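Student: Could you walk me through this fold before I go back to the bench? I'd like to start with the overall layout.

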Amino acid sequence: MSLIRRGSAFDPFSLDLWDPFEGFPFGSGSSSSLFPSFPRTSSETAAFADARIDWKETPEAHVFKADVPGLKKEEVKVEVEDGNVLQISGERNKEQEEKTDTWHRVERSSGRFLRRFRLPENAKTEQITAAMENGVLTVTVPKEDAKKPEVKSIQITG
């Protein structure tokens, strides 16, 4: 997939994929080839698949904050693909049902989630850090210092 640029503006959501046929019995087949291990049409994953993530840029870094309540750090993965694609994924397992239990309502979602973000060119991907506290995953991607243009004086003769 290529980097999409509109004019000189960077499009950080160029990897957010949307399948207009998702949920239809025939499906489009395109999403299954991109993420074969992450089912895209399962009602089990529908509610949790949209993990909410904020992305802010500070003068020093790009900071991603993901709401992952109830997950342990071992259940969440933070990876860099192709050198500049940040991938955050994880899974919340369904609660085990006992034969003697009577469920009245099930609103907490379970299943897998996967979010991908194309990082800008100034990201220092080798220095990424991640921390989890109170159900919030914080991923910090430091930025390279802005390069000042090199100015070379040319002596005028004559």
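**Layout, core and sheet**

Tutor: This is a predicted model, and from the N terminus on, the elements of the protein chain run β-β-α-α-β-β-β-β-β-β-β, which gives 2 helices and 9 strands.

Student: What share of the residues counts as buried?

Tutor: Of the 158 residues in the protein chain, 28% count as buried, and the accessible surface comes to about 11900 Å², with 49% of that belonging to carbon and sulfur atoms.

Student: Okay, and which residues have the most contacts inside the largest nonpolar core?

Tutor: Those are F64, I88, L137 and V139, in a core of 16 residues. At least two residues of this core come from each of β4 (61–67), β6 (85–92), β7 (111–118) and β9 (136–142), and β9 gives the most, with 3 residues. In soluble globular proteins, nonpolar side chains tend to be buried together.

Student: What does V139 touch, leaving aside its neighbours within four places in sequence?

Tutor: V139 is in contact with several residues, among them F64, V78, L86, I88 and I128.

Student: Switching topic, what is the strand order in the open sheet of 3 strands?

Tutor: The order is β5-β6-β7, with antiparallel pairing, and the twist averages 15° from one strand to the next.

Student: Why is one side of β5 left without a neighbour in the sheet?

Tutor: Both β5 (76–81) and β7 stand at the edges with a single partner strand each, so each has one side without a neighbour in the sheet.

Student: And how many bridges join β5 to β6?

Tutor: There are 6 bridges between these antiparallel strands, and V78 has I88 in β6 as its bridge partner.

Methods. Residues numbered from 1 in each chain as written. Predicted model: local features only at pLDDT ≥ 70, side-chain atom pairs only at ≥ 80, totals over all residues. Heavy atoms only, no water. Helix = DSSP H or I, 4+ residues; strand = E, 2+ residues; numbered from the N terminus. Buried < 20%, exposed > 50% of the residue type's maximum accessible area, 1.4 Å probe, protein only. Areas by Shrake-Rupley, 256 points an atom, 1.4 Å probe, with all protein chains shown as cover. Core = buried A, V, L, I, M, F, W, Y, C linked by side-chain atoms within 4.5 Å. Contact = heavy atoms within 4.5 Å. Pairing = 2+ DSSP bridges. Axes fitted to C-alpha atoms, helices over the stretch in contact; angles between N-to-C directions.
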